[in-house]
Amino acid sequence: VYVFTGPVHIDSPRRIGEGGVAVPAYLFKLVHDAGTGRTWVHCQANHADARAGRPISYEQFVRWTGLRLIPEAD
């Protein structure tokens, strides 16, 4: 099983600190089970009262973010 975690930036992200670090709008955790070929993604808005929702498919994730993290799943 492979797990990828990362940010999703939308349009012009808010920036903080002297270095102007971009604050992601969402965070994701992608899970890929190489044994079964199943891949799913959990996304969550990046704010204090956000709640985890149902997972989305890898295809939905790629359409939304443009990120292709699992070449064999394409």
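**Note on the predicted model: hairpin, sheet and core**

1. Gly-37 sits in the loop that links strand 4 to strand 5. The model is a predicted one. Four residues separate the two strands of this hairpin, and Gly-37 adopts a positive phi near 80° there.

2. Is Gly-37 buried, partly exposed or exposed? Its relative accessible area is 46%, so Gly-37 counts as partly exposed. The cut-off for exposed is over 50%. In space, the C-alpha of Gly-37 lies 9.7 Å from that of Val-1, although 36 residues separate the two in sequence.

3. The hairpin strands come next. Strand 4 covers residues 26–33 and strand 5 covers residues 38–45. They pair in the antiparallel sense, over eight bridges. Two partner pairs can be checked by eye. Lys-29 has His-42 of strand 5 as its bridge partner. Val-31 faces Trp-40, also in strand 5.

4. Which strands form the open sheet, and in what order? There are four, in the order 1-4-5-6, with antiparallel pairing. Strand 1 (2–8) and strand 6 are the edges, each pairing on one side only.

5. On the other side of the hairpin, strand 5 pairs with strand 6 in the antiparallel sense, here over two bridges. Trp-40 stands opposite Ser-57 of strand 6. Trp-40 also stands opposite Val-31. This residue is therefore a handy place to start when tracing the sheet from strand 4 to strand 6.

6. Strand 6 consists of residues 56–57, and Ile-56 belongs to it. Ile-56 has a relative accessible area of 24%, so it is classed as partly exposed. The buried class requires under 20%. Beyond its neighbours within four places in sequence, Ile-56 contacts Trp-40, Val-41, Cys-43 and Phe-61. The C-alpha atoms of Ile-56 and His-42 are 6.4 Å apart, with a sequence separation of 14 residues.

7. Now the interior. The largest nonpolar core holds eight residues: Val-8, Phe-28, Leu-30, Val-41, Tyr-58, Phe-61, Val-62 and Ile-70. Strand 4 and helix 1 (58–65) are the elements that give two or more residues to it. Helix 1 supplies the largest share, three residues. As a general point, nonpolar side chains tend to be buried together in soluble globular proteins.

8. What does Phe-28 touch, leaving out residues up to four places away in sequence? Its partners include Phe-4, Thr-5, Gly-6, Pro-7 and Val-8. Val-41, His-42 and Cys-43 are also among them. Phe-61, Leu-67 and Leu-69 complete the list. Of these partners, Val-8, Val-41 and Phe-61 are members of the core as well.

9. For the overall picture, the protein has one helix and six strands. Read from the N terminus, the elements run β-β-β-β-β-β-α. The C-alpha trace spans about 45 × 25 × 20 Å along its principal axes. Of the 74 residues, 20% are buried. Among contacts with a separation of 6 or more, 28% join residues 24 or more positions apart.

10. Last, the surface and the charges. The protein exposes about 5400 Å², and carbon and sulfur atoms supply 52% of that area. There are 8 positive and 7 negative charges, and their mean positions lie 5 Å apart.

How values were computed. Residues numbered from 1 in each chain as written. Predicted model: local features only at pLDDT ≥ 70, side-chain atom pairs only at ≥ 80, totals over all residues. Heavy atoms only, no water. Buried < 20%, exposed > 50% of the residue type's maximum accessible area, 1.4 Å probe, protein only. Contact = heavy atoms within 4.5 Å. Areas by Shrake-Rupley, 256 points an atom, 1.4 Å probe, with all protein chains shown as cover. Lys, Arg positive; Asp, Glu negative; His and termini not counted. Charge placed at Lys NZ, Arg CZ, Asp CG, Glu CD. Pairing = 2+ DSSP bridges. Core = buried A, V, L, I, M, F, W, Y, C linked by side-chain atoms within 4.5 Å.
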